[in-house]
Amino acid sequence: MVTVHHTAEQPVQSSTDQPESSTDQPESSTDQPESSTHRAERTGRALADATLKEIIAGQEEIFVRRQPNSAHLAEAAQQHLAGGVTSSWQITAPQPVWLSHGHGSKVYDVDGNEYVDLHGGYGAALAGHGHPAIQEAVTAQVSRGTHFAQPTPNAVAVARELARRFGLPRWRFANSGTEATMDAIHLMRSITGRDLIIKIEGCYHGHHDSVQVSVAPEPEQAGPAAKPYSAPSSTGIPKAITDLTLIATFNDLDSVARLLETHQGQVAGMIIEPIMMNAGIIKPGPGYLAGLKTLLHQHHALLTFDEVKTGLTVGPGGVTRQEDVQPDLITLAKSLGGGVSVAAIGGTEAVMDHVANGGYEMVGTFNGNPLAMAATRAMLTEVATPEAYQHIEKLRLQAKTGIEQAIAASTLSAHVVTAGAKGCVVFATEPVTSYRGFLGVDDRYSHAHWLYQHNGGVFLPPWGKIEQWLISVQHDEADIDRLVRNFAAFAAAIHS
Ligand SMILES: Cc1ncc(COP(=O)(O)O)c(C=O)c1O
């Protein structure tokens, strides 16, 4: 058994003896004498660059020093695990973190370091770790059998509760977000008899062919802002498939209208994260989601809200209920199963009749698996309760105001965006409304901040500016205090 001890080191303050100038700064391009304002800005940028570099190097050194067992495991794992990890997103700089166990709001690495877990398994741990209700449900089900490939009564209870929360009457189950969005897209195509789909630039919907398009395109791949390209986001996907996915801009109804007009009668439907959560957090403007539904329905095309990430985390009935816009299909996964792998696809009567009538065969050996259904029922009825959402709301406010105060006391250009249990710091002054704005956010600040939090005993999701924190039902004020304290120390280090 691993002995648990908190070994978080104090984040180092950046050194004050900054280099005088950075050699990789571009020279002034005009032959006019440089103005003093311009020179001051340029010097400020060079100083910020040097400070950031220094902070990242210093924090990476501490990171590695604290985790010798992780380093050994990472190296040994290379032999039989491809890339030394079980998913490519577990490869983090400076090295992957190997975990031993989790309990309540904390996780513990194999070196015995404790972290407030705000990574939440990429947004799947709304229940926290070892929640008594999930433990009880799973333990009871294990002794009664973990797999039959036949429906069990819990599936009815789960579907009924999802219908109540999200307003869509009929449901089916799958095992991951990827499977759920794949089924949703198959269904939209099957019902309409059309091949094209519309997807938003910068949204992620899993790793199947139709949606691995323009997930996080580099500026040179993305095409003109007014007419984004369908840029492949993975190798191994035929161009013929990528070409069937048309790309629109978040918060821009005209970009969808144009695609529907240009491809009259060919678009099956659109999939969208109703709050973008794979590009920080980008919220829909007033009327945007309702406008999408109207537009798509005018063209006899369908609308899917991918609430895999937002589902139970932004509130009990997702963005769907918050914004009061009912799509034709909803996909859920991540936090739904209380930490057990499960996904759900909800649909209107019209959409799900197509499944019921055999128009589309929605299948899977583990769909509605009894273990997953038992955990999901407990999650919905005993964990994600109204009281739990009230508790999370208090912590959300504590995190937001605490970090905002630290930003105000610093020279950082940053702001905080939250949505229920999810939140992030965007290292830019202006609000981001679509992927093109997100591209302009400097990722180095997010990485430096991540390292600072990690060494200070808070595990945020890696991948810098893309991801968000997740507050679980088991976090408390002391956990959020640690997050805010670390942020203030980071802001002070950047400031100095
Ligand atoms: C919005 C969204 N949809 C779908 C997925 C895919 O889910 P999974 O990783 O369970 O396949 C993700 C994963 O991050 C996601 O964020």
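User: Before we dig in, what makes a crossover right-handed?

Analyst: Point the strands away from you and follow the path from the first strand over the helix to the second. If that path runs clockwise, the crossover is right-handed.

User: Good. This is a predicted model, so which helix sits with β7 and β8 in a right-handed β-α-β unit?

Analyst: The two strands run parallel, and four bridges join β7 (residues 267–272) to β8. One pairing puts G269 opposite L302 in β8. The helix that completes this right-handed unit is α10 (residues 288–298).

User: And on the other side, what is the bridge partner of F305 in β9?

Analyst: β8 and β9 also run parallel, joined by three bridges. Together with helix α11 (residues 318–323) they make another β-α-β unit, right-handed as well. Within that pairing, the β9 partner of F305 is I330.

User: Why is β8 described as largely enclosed by the rest of the structure?

Analyst: Side chains in a regular strand alternate between the two faces of the sheet. Here L302, T304 and D306 point one way and L303 and F305 the other, and all are buried. β8 (residues 302–306) counts as largely enclosed because of its buried residues: five of the five.

User: Over to α5. How far apart are its end C-alpha atoms, and what span should it have?

Analyst: α5 covers residues 153–166, which is 14 residues. At 1.5 Å a residue, the helix should span 20 Å. The end C-alpha atoms agree with that, being apart by 20 Å.

User: Which residue takes a positive phi just after α5?

Analyst: Inside the helix, the buried residues include N154, L162, R165 and F166. Just past the end of α5, phi turns positive, at about 80°. The residue there is G167.

User: S214 and K334 have positive phi too. Is S214 buried or exposed?

Analyst: S214 isn't a glycine, yet its phi is near 50°. You'll find S214 in the loop between β5 (196–200) and α7 (219–222). Buried means under 20% relative accessible area. S214 comes in at 0%, so it is buried.

User: What is the relative accessible area of K334?

Analyst: K334 is another non-glycine with positive phi, about 45°, and it lies in the loop between β9 (329–332) and β10 (343–347). K334 is partly exposed, with a relative accessible area of 29%.

User: Last one: where is P94 found?

Analyst: The peptide bond from A93 to P94 is cis, with omega near 5°. As for its place in the chain, P94 is in the loop between α2 (68–77) and β1 (99–103).

Methods. Residues numbered from 1 in each chain as written. Predicted model: local features only at pLDDT ≥ 70, side-chain atom pairs only at ≥ 80, totals over all residues. Heavy atoms only, no water. Expected span 1.5 Å × (residues − 1). Buried < 20%, exposed > 50% of the residue type's maximum accessible area, 1.4 Å probe, protein only. Pairing = 2+ DSSP bridges.
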